Amino acid sequence: MNKNSSNTMALAPNTSNKRETVCIFGTGDFGRALGHKMIQSGYPVVYGSRSTQISNLIPKDAEVLGHAEAAQKAAIIIIAIQRQHYDFLIPLAEVLRGKVLVDISNNLKLNQYPESNAEHLAQLLPGSKVVKAFNTVSAWALQSGTLDASRQVFVCGDDVEAKQMVMNIVRALGLTPLDKGSLLAAQEIENYPLQLFPMWKFPIFLSLGLTAFFFFYCVALDIIYTYIYENNDFSFFIAITIPNRVCPVMALILLALVYLPGIFAAIIQLYRGTKYRRFPDWLDKWMLCRKQLGLIALAFASLHVVFTLVTPMRAFASWRTGKGIISQVLNNKTEPLDHTNAWLSDSYLALGILGFFLFVLLGITSLPSVSNNVNWREFRFVQSKLGYLALILCTAHTLVYGGKWFLSPSAYKWYLPNIYILSLIVPCAVLVVKFVLIFPCVDKPLTQIRQGWERNPKYSK
Ligand code: NAP
């Protein structure tokens, strides 16, 4: 086939119902899985391979030819071969001229090469039209049909028509193409499968660090201190009592940390008098992982609820109740109901229940299936207004629980405050500054800045 005919084939629209032949270079795991899926979707498949011997593994209706011969049979060639072998394509440059080459390759490390594999392929074969696609789909998912989690296929390339042809194939395979723009996006697309929950890293490490700190803080004050100074062995507190102290503390602090970056952002915008200047990187990253921080906070709050519900089943709780009853019997005196205490305990429980209810509501509305069904104003109302209300209720829950007891000297062991006091620092700071920010004299300029007004236009440059 001559040069012109292959060009015509590459750009000719498919007018008949019959699908055009697709060529796949490489009969490895991915080449076979993709070929199998294509044959199922009605595409004739021809493999270009170093060996033309048909093995049992190759899809039954596919043809296997040498690379040059196979390339001549199709306008689109999928390169299912690792990047380090791309040099073998250079002698095929003339056969591949004008053809659409689909680079599906991944690397072993993030930013392994200075340029993306797709850009490298385009540099090796400047006469071909390189499109990046399919690299985020695994051979196993293609073969087993378990594509529910990864139905999206990122596609990028410099030639619009070539990209469109590849996107049509993606759709025909029952997948969803997502146009990521020019070939410059290939590096990002190649890095994508190598990332491990990028948005969760900071929230998880922060939660692990804080949990470990508060856990050992409680062990020191509730177990070691009591053992040394009161000669009581409360080591069994490790199982339920201490986790039930650490979980609410973590839930409250992490919920406050969801709203703290918004406070910093408001202060920075007020100080600069413009919204047209980038926030520092650390603040941008923090803002991007607020949802993850909130979901981890919700997990801690749920654990706190479960630990609290099992409290009456504990041997320690029965022993303490029994001890109270026996001491009343021995003294032949019934303790009158302390109304202040009854009010405090009911109020703190009610505040906790309402706070947890709003917490769950925030978690539910952050699910994509729910957030996609509410408009921006509704989403902001739940996440911002109800979110702050949840923070107020949970902070009040902790304050009412502590009450006057926080101020009593016995709450300070080794001169250290109780962890509930520590847990209130960040939420109280967030609520106090937020209270200042809603004063009209502060809120008005902030709203104007967020609508585009600038106090000092030089900052926008
Ligand atoms: P593989 O099983 O090792 O297959 C690679 C194929 O490349 C071989 O079967 C061979 O085909 C061909 N090949 C090997 N050395 C060659 C050389 N020196 N010259 C020419 N051809 C050579 O690898 P794979 O898992 O299919 O992966 C292929 C590409 O797909 C890689 O770039 C990978 O990053 C990408 N990918 C794979 C997956 C996956 O789940 N496996 C997912 C996304 C992307 P012949 O023997 O027929 O010549």
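**Membrane spans and a parallel strand arrangement**

According to the unreviewed UniProt entry, the annotation "transmembrane region" covers residues 204–229, 249–271, 292–310, 347–365, 386–407 and 419–442. The model examined here is a predicted one. Two of these annotated spans make a convenient starting point for a newcomer. Residues 249–271 are 100% helix and 0% strand, and the C-alpha atoms at the ends of this span lie 32 Å apart. For residues 292–310, the chain is 95% helix, again with 0% strand, and 28 Å separate the end C-alpha atoms.

It helps next to step back to the overall layout. The domain assignment of the protein gives domain 1 as residues 22–194 and domain 2 as residues 200–459. Taken over C-alpha atoms, the centres of domain 1 and domain 2 are 50 Å apart.

Attention now turns to the strands β1, β2 and β3. Strand β1 (residues 22–25) runs parallel to β2, and four bridges join the two. One of the pairings links F25 with G48 in β2. Together with helix α2 (residues 29–40), β1 and β2 make a β-α-β unit, and this unit is right-handed.

On to strand β3 (residues 63–65): β2 is joined to β3 by three bridges, and these strands also run parallel. Here V46 has E63 of β3 as its bridge partner. Strand β2 itself spans residues 45–48, with V45 and Y47 pointing one way and V46 and G48 the other way. V45, V46, Y47 and G48 are all buried. Thus G48, the bridge partner of F25, and V46, the bridge partner of E63, point the same way from β2.

Note on methods: Residues are numbered from 1 along each chain as its sequence is written. This is a predicted model: local features need pLDDT of at least 70, side-chain atom pairs count only at pLDDT 80 or more; totals for chains, interfaces and linings use all residues. Side-chain values use heavy atoms; hydrogens and water are left out. UniProt positions are given in the numbering used here, feature names are shortened, and annotations may be inferred rather than shown by experiment. Buried means under 20% relative accessible area, exposed over 50%, partly exposed in between (1.4 Å probe, protein chains only). Two strands pair if DSSP finds at least two bridges between them. A crossover is right-handed if, with the strands pointing away from the viewer, the path from the first strand over the helix to the second runs clockwise. Domain bounds come from an automatic or database domain assignment.
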